[in-house]
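The following paragraphs offer a guided reading of a protein model. They begin with the overall architecture and then turn to selected details.

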Amino acid sequence: MAYSTITKPGLHFNTILYTGNNASNRGITGIGFRPDWVWIKKRNNVLGGVVNDVVRGAGKVIYTSETNAEGTETASFVSFDSDGYTISQDSGVGLNVNGHTYVGWNWLAGGSAVTNNVGDLTSSVSCNNAAGFSIITWTGDGSGATVGTGFTGTETISFATVKKLSTTSEWQTGVYGAYGSNARNFAYHLELNSTSALSGSSPYMMGTQTSGDPTKLKLSSEGYVNGVTYVAYVFKPVRGYSKFGTYTGNGNADGTFVYTGFKPAFVMIKRTDSTGSWYMLDNKRNTFNVVTK
């Protein structure tokens with residue numbers, strides 16, 4: 001299987017740190033590109049991760065720590081800009097509280113959404129095929145259908161996280177090639193909003209993915225995809241940029257080595273065989289090893 005390669009990954013992903021000042025229409029800059037998916041987390045106080053993307057539109061927020069339906073907070077997240085994004089005063093979700101510190105993880109997709117008819121259901125897609133990242137929204141029909149991703153090539157979709165927008169639901173998050181005999185079944189999932197172990201029971205939105213076909217995301221046939229709206233953040237592997245998989249811990253201070261082929265700028269880890277928190281680490285909060293933040 002041929003894999004794409006990226007030599008300048010910083011043009012497709014970057015982490016930004018900032019301190020809130022309660023200013024109106026404040027520009028957060030220095031990302032190096034116009035981000036299409038922005039995930040913001042308060043660092044010094046309790047606030048679940050706040051997610052915005054260009055397909056749903058600025059200010060259409062969902063929370064990675066909650067099951068809530070999508071909300072509208074245009075007074076907090078104002079716009080996606082050429083070198084970052086604009087936030088406003090401390091209102092709504094609190095992205096600019098004076099003196100509070102924040103981290104923002106930023107991904108480049110494909111800019112404004114386009115209509116995709118590759119799958120059984122019409123989807124709206126912003127796809128960065130070079131970096132193997134796509135943002136997808138659709139309305140389900142309960143048929144176990146497929147939705148187009150915008151991807152080309154033969155790299156199998158390796159990571160997907162799906163959230164129902166119109167009503168409450170868990171975040172279903174799957175990694176292809178993991179979970180033993182259920183390696184292709186994304187219905188075996190982790191929940192981004194909880195500490196739960198790997199689950200093969202409902203609620204689930206994804207089904208068994210097709211090896212070597214990244215053009216479509218397979219949905220399950222149960223009622224969780226019946227007539228409501230969804231968003232999915234989907235990745236396929238790209239050398240020098242992204243790697244997805246599993247490892248087994250050794251309980252040693254000199255822990256398990258996980259080979260990625262490059263020095264990662266962002267790492268997300270979750271225990272699968274028991275309950276455990278999600279860990280997000282990056283190269284901006286810790287600029288050198290050991291990475292502990």
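How many helices and how many strands make up the secondary structure of the protein? The model, which is predicted, contains zero helices and 20 strands. The radius of gyration of the protein is 18 Å, close to the 19 Å that the globule rule gives for 293 residues, so the protein is as compact as a globular protein of that length. Measured out along the principal axes, the C-alpha trace spans about 50 × 50 × 35 Å.

The distribution of residues between interior and surface can be described next. Of the 293 residues, 48% count as buried, a class that requires under 20% relative accessible area. The protein exposes about 12,700 Å², and carbon and sulfur atoms supply 48% of that area. As for contacts, those between residues at least 6 apart in sequence may be considered: 59% of them join residues at least 24 apart.

One sheet may serve to illustrate the strand arrangement. It is an open sheet of three strands in the order β2-β8-β7, and the pairing is antiparallel. Which strands stand at its edges? These are β2 (26-29) and β7 (77-81); each has a single partner strand, so one side of each is left without a neighbour in the sheet. Neighbouring strands of this sheet are turned by 20° against each other on average, direction ignored. The pairing of β7 with β8 can be followed at the residue level. Four bridges join β7 to β8 (residues 84-87), and the two strands run antiparallel. Within this pairing, Phe77 stands opposite Ile87 in β8.

Aromatic side chains provide a further view of the model. A search of the whole structure finds 21 aromatic pairs. One of the pairs is formed by Tyr18 and Tyr102, whose rings are stacked, with 4.8 Å centre to centre and 10° between the planes. Why does this pair tie together parts that are 84 residues apart in sequence? Tyr18 lies in strand β1 (residues 13-19), whereas Tyr102 lies in strand β9 (residues 101-107), so the contact between the rings links these separate parts of the chain. Both Tyr18 and Tyr102 are buried.

Aromatic residues also assemble into a cluster. Phe13, Trp37, Trp39, Trp105, Trp107, Phe133, Phe159, Trp171, Tyr233, Phe235, Phe244 and Phe266 form one aromatic cluster. Among its members, Phe13 falls within the residue range of β1 (residues 13-19), and Trp105 and Trp107 fall within that of β9 (residues 101-107).

Technical notes
Residues are numbered from 1 along each chain as its sequence is written. This is a predicted model: local features need pLDDT of at least 70, side-chain atom pairs count only at pLDDT 80 or more; totals for chains, interfaces and linings use all residues. Side-chain values use heavy atoms; hydrogens and water are left out. Two strands pair if DSSP finds at least two bridges between them. Axes are lines fitted to C-alpha atoms, for helices over the stretch in contact, and angles run from 0 to 180 degrees between N-to-C directions. The radius of gyration is taken over C-alpha atoms; the globule rule is 2.2 Å times the number of residues to the power 0.38. Buried means under 20% relative accessible area, exposed over 50%, partly exposed in between (1.4 Å probe, protein chains only). Contact means heavy atoms within 4.5 Å. Accessible areas come from the Shrake-Rupley method with a 1.4 Å probe; for residues, only the protein chains shown count as cover. Rings of Phe, Tyr and Trp (its six-membered ring) pair if their centres lie within 6.5 Å; planes under 30 degrees apart count as stacked, over 60 as edge-to-face and the rest as tilted.
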